[in-house]
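Here are a few exercises to work through at your own pace. Have the structure open beside you, and try each task before reading its solution.

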Amino acid sequence: IIKNLLYIASQKMRVFGYNIQNGFNEDPDKSASTLTILQNESIKQNYRSQVWSNNILDKTQKDIIDYFQSLSIKRMLVSAPTSYGKTFIMREILYLNREKYNNILLVFPTVALLHENAENMEKLNSEKQLGYRVIKSVDNEIGEKNIFVFTPERAMQLLANYPSLHLDFFFYDEMYKIDEDFCYDDTDEKDEAINSSLNNSTANFLNETRAKTFRICLYLLSKQVPEYFLAGPNLSEKQFGKGMITYLLKNKIQIKTVTFEPTKRIRIDAYSKQIKEHHEGLPYPLKENSKEITLGKKNERICNVIKYIEMQKYGSTLLYCTTPSKANMYAAALSEGGYGKPICDSDYSMFLDHIKHTYDVNGSITEWSFWNVMQNGFALHHGKLPKYIQKEVLDLFNRGIIDILFCTSTIVEGVNTNAKNMVVLNHTKGRAALTAFDLKNIIGRAGRYYHNFIGRYFLLDSALAKITDANDLSLNFVTYDNNELDAIDLDNAEIGDLSLNNAEAKQRRFEVQRDFNLPEDVFVMNRLVKKEYQENLLTYLLNHSNDFNSFLRRLKYPDILLQFTEFAALNSVLKIFQGAGLLDDSTVRLYSAISISYTKDGFKGILKYQINKAQKGAIKYDIAYSKAFKTQKDIIEHKIPKILTLFESIFTCAARIRGTALNNFSLSKVIRFYETGVRSYFGEQLVGFGFPIDAIRKIENSYPQLISLGSADIKNYVKRNQQNIFALLDEYEKRLLLKAIKSFN
């Protein structure tokens, strides 16, 4: 009877995911009449996915798709709970418009989400024979029909490199990140002192906020693309600022808001002596309503809450921490408090062995919190860890091999997990307090639709209870507002979209820029760098022939990448930036030293330097690992490519003005080397799959023939040399390589 009632309720509500969660693939009432069965089948048929026939859309999902299709101007903003299925809806829309859309752009906030959704698009494209090329890099060859899956940074590059490309549709995920008040991808790093040693001496053009990238990218796309779908979690239309309202009206964007939350979330207060569960909205308490427990200080409280979760059999748990250092500290305390269990799993053991042999420098591994925590059967996930480690940790968690995971904001922004519980340890995001919006997104990761009916969130800080009742921040699009804009926002906005004061400021800037040598098409290549900085660099190259000619001579050699990896060409570029006033001497020396170490010894070279400092007592071992990972992510993969991208376009412009032929000068190979750490297409494919960079470089160094091979020849070459390549790898890397080769295009 109960099964039948549950099935009927799900059918009536048109929330078919509940039937999936209950394991009902068909009507459980075998005695139902033929007419009832036909009726139920008709209902499901009406909501059946157009893409995958075995998927049934919920009513609200189908309503959104139908609404988009009904619009004469198809532009829509969807606000819905976390894990609602916004990308699932996007795929339905793409499929329904497959004959109409030739060029599609999908914009995701992180590289991890980019790769996950690119895989989904490749599967859709292949199985449905849609005829698209799925493109993840700006340097990939473009076909007649393309699906570009990019971060905002790469989307900006696409617009600059292909100004005549006509995009028919774009999807913009987590669009709320256009506002500085909401954009905190790297918050977990901002309140740590180690940042100052890397950033204080760097010119401003390397430190622009990521919200500006999101905002300008969305602004430009909204101007150029006829149809689009914007998505974000828990956005309150009542809290939209004037700029956001103006943006929506000017672009004729319709709003669809979904407030229905399919997962019931139970709040549990754990910041006093008593753990108290709030069961409001339920007909009866699911468990004992409260329990006396000695909570003590934060570290002791964490241990006791974990024990409580295990005692109540509540399942897998995420613990939100404000920074990586706090995640390390709390996880280490739990480990030292006696919590832990041996993990008997071959994949887990292989991964631990890999971590040890890859990151152990003179026995330092035993001092690293990440390693010690993993030894005890739980894990850490934050933005400073290499991407493939983040991916592996998430996979272990979602497979149930580990069930306790300390995390920062990186895991609550669009990353799906099977967590049933979220323990919120801190009421801040970096130095700023969490907002009600932030907290909604964090606790929204407790319990996932299609997996859990109920999610629980534990508040370990009394300040969190007040935040849950606070109003959301006002989401704004500052380009359209009255507040004073900075130079970059002004330079990228059309004067007709600006307030009177900002329009006047833009006009004043325009008058000053009349005398600039910098052409508009060159500025467009580097929209996130102030025109003044670009003009200074161009002027320096025009006025200093020795420096210009010195770099020009390097271009006579056939391999430009070799000039940077073996012959210190980067130092020449950095010196030019210093002469132009864009970098100071300490930054030039730091970046040069880091580059030399990295090109010679890979990440291990950077790590050895930091571990040496730790062994001398200058810093803690956890800080040494953090600084090494941050150096690779922040300087090697982000700031040096940004310097080289700007230099390429400005140097080309200077040569044109000077009347100097460059013969197809390009630094794209060099830029990709710093961004990915590898030299070959083979290596880039492995990086995208989530393969350790230093292991790829080991293969490339042993088999330089791979560097010149394209996609068609890679599989055969690797198969012919498989045993010899395997000899270079550990067991974890061998397993990854086999999986990666199968996924190659």
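**Exercise 1.** In this predicted model, find which residues Q390 touches, leaving out residues up to four places away in sequence.

*Solution.* Start by locating the residue: Q390 sits in helix α16, which spans residues 387–398. Next, list its neighbours beyond that sequence window: they are H381, H382, G383 and L385. Now look at L385 in particular, whose backbone oxygen is 2.7 Å from a polar atom of the Q390 side chain.

**Exercise 2.** Decide whether Q390 is buried or exposed.

*Solution.* Take the relative accessible area of Q390, which is 14%. The cut-off for buried is under 20%. Q390 is therefore classed as buried, because its value is 14%.

**Exercise 3.** Work out which residues line the largest cavity, and which helix gives the most to that lining.

*Solution.* Begin with the count: there are 3 cavities of 30 Å³ or more in the structure. The largest cavity has a volume of about 60 Å³. Its lining consists of N328, W368, F370, H382, K384, L385, D622, Y625, S626 and F629. Two of the names should look familiar: H382 and L385 are in this lining, and H382 and L385 also touch Q390. Finally, assign the lining to elements: helix α27 (residues 621–658) contributes the most, with 4 residues.

**Exercise 4.** Trace the order of the strands in the open sheet of 7 strands, then place the helices α7 and α10 on it.

*Solution.* Reading across the sheet, the order is β3-β4-β2-β5-β6-β1-β7, with parallel pairing. The edges are β3 (133–135) and β7 (254–257), each of which pairs on one side only. On average, neighbouring strands are turned by 15 degrees against each other, direction ignored. Helix α7 (residues 152–161) packs on the sheet and touches β2 (103–107), β4 (146–150) and β5 (169–172); the directions of α7 and β4 make about 135 degrees. Helix α10 (residues 210–224) lies across β2, β5 and β6, and runs at about 155 degrees to β5.

For one pair in detail, take β1 (residues 75–80) and β6 (residues 227–233), which are joined in the parallel sense over 6 bridges. Within this pair, L77 has L230 of β6 as its bridge partner.

**Exercise 5.** Which residues lie nearest the centre of the second largest pocket?

*Solution.* This pocket holds about 590 Å³ of space. Of its 27 lining residues, N234, T259, E261, K440 and D472 lie nearest the centre. The elements giving two or more residues to the lining are β1, α17 (436–443) and α18 (462–468). Among these, α17 gives the most, with 4 residues.

Definitions and conventions
Residues numbered from 1 in each chain as written. Predicted model: local features only at pLDDT ≥ 70, side-chain atom pairs only at ≥ 80, totals over all residues. Heavy atoms only, no water. Pairing = 2+ DSSP bridges. Axes fitted to C-alpha atoms, helices over the stretch in contact; angles between N-to-C directions. Contact = heavy atoms within 4.5 Å. Buried < 20%, exposed > 50% of the residue type's maximum accessible area, 1.4 Å probe, protein only. Polar contact = N/O pair within 3.5 Å; in protein donor to acceptor, adjacent residues only side chain to side chain. 1 Å grid on protein atoms, 1.4 Å probe; cavity = no way out; pocket = protein on both sides within 12 Å on 5 of 7 lines; lining within 4 Å. Points joined across faces, edges and corners; volume = space filled by probe spheres on them.
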